[in-house]
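I opened this model to look up a few things and keep a short record. The entries follow the order in which I checked them.

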Amino acid sequence: MRTLVKEFAPKSAGDLLLILKYQRWRLPFRREYQAAVEGKYGIEIGGPSSVFSTVLPLYQCVRGLDGVNFATDTVWEGHIQEGQTYRYFGDGAGHQYISDATDLSQIPTAHYDFLLSSNCLEHVANPFKALLEWKRVIKPGGGFVLVLPNKDSNFDHRRPVTALSHLLDDFERDMGEDDLTHLEEILTLHDLQRDPPAGDLEHFRQRSLQNLSNRTLHHHVFDAALIEAMLAHLDFEVRDVTTTRTDFFALAIKGTA
């Protein structure tokens, strides 16, 4: 019997804004994404995210969900603890891992039915290293849902989209998460008027120099073509890439071979 997907009742003005912002497109394509996670147990990297309870409601139809975050204290989640503490929706609770997105060695291969990640990969210095780990922990045939910010609507709008060859080079050189290769580009092109928490340029510079501990930098800039190329390079079956004013949404399936 198909699981009944509950609609999300907005709990804040921010949630309501997200729903209204995406109302036109949320219905046509979300069903395929929900089918990839419905009644299954998965893991989320860098969550929880209000995107998956509002504009793309996936939390409501999963059987269970664990989470990964890079530290016990982050600017997004405050203080968290490893253990059965991952709260993603309503009474839903899963295991919270404290681990870098590029190192999921605590998790066995092919352990989860699906993986979710929203607005996280841009904070990773070595995206391909992360994506390979994310792919590893999904079962063959498992779903992969990736959401990345559209630079045109945020403080990255002046920056160029990163080349696929650059991401592959970062992987070949085993780039570490302490990398600040893009710092000068970011400091020059980052639109501080669209990023009030960053403060003035000097405050932003000092915060950025501490990126290993706060992970606030967007190392790379993505568009739909780059996302599709990354997933294809990793032999995912790409089912959908949707562009909205603020984000890119991608659905892919891990091959069974």
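**Aromatic residues**

I started with Tyr59, which has a relative accessible area of 3% and is therefore buried. The model is a predicted one, and I kept that in mind throughout.

Next I asked which ring pairs with Tyr59 edge-to-face. I searched the whole structure for aromatic pairs and found six. One of them joins Tyr59 to Phe52, edge-to-face, with 5.9 Å from centre to centre and 70° between the planes. I then looked up Phe52: its relative accessible area is 0%, so I entered Phe52 as buried. Following the ring pairs onward, I noted a cluster made up of Phe52, Tyr59, Tyr86 and Tyr88.

I also looked for a charge over a ring. Lys135 sits over the face of Phe236, 5.6 Å from the ring centre.

**Strands β9 and β10**

Phe236 led me to strand β9, which covers residues 236–243. How does β9 run relative to β10, residues 247–254? I found the two antiparallel, joined by seven bridges. For one position I checked the partner: Val238 is bridged to Ala252 in β10. The two strands make a hairpin, and I noted three residues between them. As a reminder to myself, side chains in a regular strand alternate between the two faces of the sheet.

**Cysteines**

How many disulfides does the structure hold? I found zero. For my own notes, a disulfide is a covalent bond between the sulfur atoms of two cysteines.

I looked up two cysteines for accessibility. Is Cys61 buried or exposed? Cys61 has 1% relative accessibility, so I listed Cys61 as buried. Cys120 has a relative accessible area of 13%. The cut-off for buried is under 20%, so Cys120 is entered as buried too.

**Largest pocket**

My last entry is on the largest pocket, which holds about 1,000 Å³ of space. Which elements give two or more residues to its lining? I wrote down α1 (13–37), β2 (64–69) and α5 (201–209). The largest share comes from α1, with three residues.

I recorded 44 lining residues for this pocket. Those that lie nearest its centre are Trp76, Asn119, Glu122, His123 and His218.

Conventions
Residues numbered from 1 in each chain as written. Predicted model: local features only at pLDDT ≥ 70, side-chain atom pairs only at ≥ 80, totals over all residues. Heavy atoms only, no water. Disulfide = S-S within 2.5 Å. Buried < 20%, exposed > 50% of the residue type's maximum accessible area, 1.4 Å probe, protein only. Pairing = 2+ DSSP bridges. Helix = DSSP H or I, 4+ residues; strand = E, 2+ residues; numbered from the N terminus. Phe/Tyr/Trp six-rings, centres within 6.5 Å; stacked < 30°, edge-to-face > 60°. Lys NZ or Arg CZ within 6 Å of the ring centre and 35° of its normal. 1 Å grid on protein atoms, 1.4 Å probe; cavity = no way out; pocket = protein on both sides within 12 Å on 5 of 7 lines; lining within 4 Å. Points joined across faces, edges and corners; volume = space filled by probe spheres on them.
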